[in-house]
Amino acid sequence: MNRTTLSLIGAATALAAVTSVAALTGGSSDDADASAKAATRLPVQRSTLLCPTPSSSDVSSTTYTAYTPKRDGVDAKDGTAGLLPAQNPSDDTTDPGGDGGKDDGKNGKDGRDGKDGGKGGQAAPGGDKPVLPLKEPGKPVTTEESSADAPALIGTADGRFAPGWTVQQTTTIDAGSGRGLLGTACTAPDTDFWFPGVSTDRNRQDFVHLTNPDDAAAEVDLKLYGPSGRLKPSTDEAITVPPRSTVPILLSTLTDQRAAGASLHVTTRTGRIGAAVQAVDQKAGSDWLPASAVPSTSVAIPGIPKDATSARLIVFAPGSDDADLKVRLAGPNNAITPAGHESLHVKSGMTTAIDLGDVTKGEPGSLLLTPEGGEGPATPVVAALQVTRGKGSDQETAFIPATAAIERSATAADNRSKGSTLSLVAPRASAKVRITASAGAEGGSPVSKTYEIKGGTTKALEPPRPASGKGPYAVTVERLSGGPVHASRMLALAEGGVPMFTIQSLPDDRGTVAVPEAGQDLSLLNDD
């Protein structure tokens, strides 16, 4: 990303721009951290979120939950928040599970330009009215949708609803090859995404959902990397995502090569998009695979369940250098090295996958990847973990990507009276956090508790519940002091003996932005 040093003359224009959006991308350098500390932080004034098409299954049910936390320093009167349906011009490509995966997905290529006369704008829950309009910060709203034609959603929040606005999409599919609990937090648009952990194998159907929130078409490149490097593409054409539309692409139609473990790189030539991967395993169920945090020399993957029966780590080094990494498991009491997996060598441009088995041994944990040392600078990587609970025909899969640290706060919007587990890991120094359960969607009052996380450990806990709460509620994590904290939330809803679950990472909600002092170099505050 290009950095531009802005003069004092342009500071007023930059200030207006930097406070108008919530989507800030890229990692923070030491210089950026120091500069941000010297700057004033203001609430963002506008946020955009994109929710992918939940499912085409006739036996699916999706719950949407939206929430904005209460914040000091925000105008308590003005603002709106809601979502509207995206168009789906290539409707034939959307078959990510639930009917046995009979579609061979070739329409994913044929319909990639979005001009094949599909159904167009489908009715969202509530018809043409905005979905999930918020009435006040601090109280979630929820709705359910059971139609197989449920569309992708494009939404904005402004004013008092913009800082920390979060939307969760949770889908239950009761039968078929896509059976499972599929959860994802709706994401902000961007221009660059990494998805380690995808597959083009015959027993997997992975669809990448590309959603364009803007009024101009977006041109998107998709590149797949397997264990031996770039998978040879069947075409080098860019994918066109029409304005305010969504296009799902079956990854196995992009190449004739089969790879059980691969990495997907999504970039835009023009415009910006939201991207999410829906992974359907013929035996182990399905879930959403979120994008990894931006490439980093140190990686945290928080929230491996204590009863995980297997874990598979997928790592990719995007640069020109190989990466040598230490692998540690941060448990409840300390960080240990998994037996037989003390280190990991990742070749540049090649996807490396290792099976860790039941690595947690009955205790919750988080994976930490750090440079092994040696001469030369450390190499940035992206990573994800595929986690399985259960055995045989009763197993279920979820994914945990490398997750950025919570700088100030992060929220999981959809929590139930039972089944939520919050995992927090402090890779280095100890940290203190405050966890707040919001009021329920149907009533109740918020409850907050403070916790300390010892450095090098994972704290897994059942989050507090609202007092006299009814309906789904949100959980917000605020870092109060100490070192970096990485977090995820697991939602478990057993169904017919199958331990259905989904895990959402909780990166910082970017509810505030650093506003520079006069004469300050703005390039140190934002890598955009």
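Are tryptophan 194 and tyrosine 225 buried or exposed? Both are buried. I'll come back to that pair. One caution before we go on: this is a predicted model.

Overview, then. The protein chain has 528 residues, and 55% of them count as buried. It holds 3 helices and 37 strands. Now the contacts with a separation of 6 or more. Residues 24 or more positions apart account for 83% of those.

Let's start with the cores. The largest nonpolar core has 29 residues. Which of them touch the most other members? Leu313, Val315, Leu367 and Leu385 do. Several strands give two or more residues to this core, among them E20 (299-304), E21 (308-316), E22 (323-330) and E24 (343-346). E26, E27 (382-389), E28 (396-401) and E36 (501-505) are on that list too.

Take valine 315 as an example. Set aside its neighbours within four places in sequence. Valine 315 is then in contact with Leu325, Leu344, Val346, Met350, Thr351 and Thr352, and also with Leu369, Val381, Val382 and Ala383. There is also a second, separate core, with 27 residues. Its members include Phe195, Leu210, Leu264 and Ala384.

Next, the aromatics. A search of the whole structure gives 4 aromatic pairs. Back to our opening pair. Tryptophan 194 and tyrosine 225 are tilted, with 40 degrees between the planes and 6.1 Å centre to centre. Tryptophan 194 sits in strand E11, and tyrosine 225 in strand E13 (residues 218-226). The two are 31 residues apart in sequence, so the pair ties those parts together. Phe316 joins in as well: Trp194, Tyr225 and Phe316 form one aromatic cluster.

On to charges. Side chains of opposite charge can pair when their charged atoms come close. Here the count comes to 12 salt bridges. I'll show a few.

First up, arginine 389. Its side chain meets that of aspartate 307 in a salt bridge, 2.8 Å from N to O. What does this pair tie together? Arginine 389 lies in strand E27 and aspartate 307 in the loop between E20 and E21, so the bridge links parts 82 residues apart in sequence. Arginine 389 has 10% relative accessibility, so it counts as buried. Aspartate 307 has 37%, so it counts as partly exposed. Arginine 389 has another partner. It lies over the face of phenylalanine 501, at 5.1 Å from the ring centre.

Next, glutamate 478 and arginine 434. Their closest N and O atoms are 3.0 Å apart, in a salt bridge. Glutamate 478 is in strand E34 (residues 473-482) and arginine 434 in strand E31 (residues 431-437), so this pair ties together parts 44 residues apart in sequence. Both ends are partly exposed. Glutamate 478 has 25% relative accessibility. Arginine 434 has 30%.

Then lysine 361 and aspartate 358. Their side chains meet in a salt bridge at 3.2 Å, N to O. Lysine 361 is exposed, with a relative accessible area of 63%. Aspartate 358 is partly exposed, at 35%.

One network to mention: salt bridges link Glu407, Arg408 and Arg510.

Now a look at glycine 362. Where is it? Glycine 362 is in the loop between strand E25 (351-355) and strand E26 (365-371). At 49% relative accessibility, glycine 362 counts as partly exposed, because the cut-off for exposed is over 50%. Proline 305 is 57 residues away along the chain, yet the two C-alpha atoms are separated by 8.4 Å.

Last item, the disulfide. The count is 1. Which cysteines form it? Cysteine 51 and cysteine 186 do, with their sulfur atoms 2.0 Å apart. The torsion about their S-S bond is about 110 degrees, so the disulfide is right-handed. Cysteine 51 lies in strand E2 (residues 46-51). Cysteine 186 lies in the loop between strand E10 (180-185) and strand E11 (192-198). The disulfide therefore ties together parts that are 135 residues apart in sequence. Both cysteines, 51 and 186, are buried.

E11 has now come up twice. Tryptophan 194 lies in that strand, and the loop holding cysteine 186 runs between E10 and E11. That's all from me.

Notes: Residues are numbered from 1 along each chain as its sequence is written. This is a predicted model: local features need pLDDT of at least 70, side-chain atom pairs count only at pLDDT 80 or more; totals for chains, interfaces and linings use all residues. Side-chain values use heavy atoms; hydrogens and water are left out. Helices (H or I, at least four residues) and strands (E, at least two) are DSSP runs, numbered from the N terminus. Buried means under 20% relative accessible area, exposed over 50%, partly exposed in between (1.4 Å probe, protein chains only). A nonpolar core is a set of buried Ala, Val, Leu, Ile, Met, Phe, Trp, Tyr and Cys residues joined through side-chain atoms within 4.5 Å. Contact means heavy atoms within 4.5 Å. A salt bridge is a side-chain nitrogen of Lys or Arg within 4 Å of a carboxyl oxygen of Asp or Glu. A disulfide is a pair of cysteine sulfur atoms within 2.5 Å. Rings of Phe, Tyr and Trp (its six-membered ring) pair if their centres lie within 6.5 Å; planes under 30 degrees apart count as stacked, over 60 as edge-to-face and the rest as tilted. A charge sits over a ring if NZ of Lys or CZ of Arg is within 6 Å of the ring centre and within 35 degrees of the ring normal.
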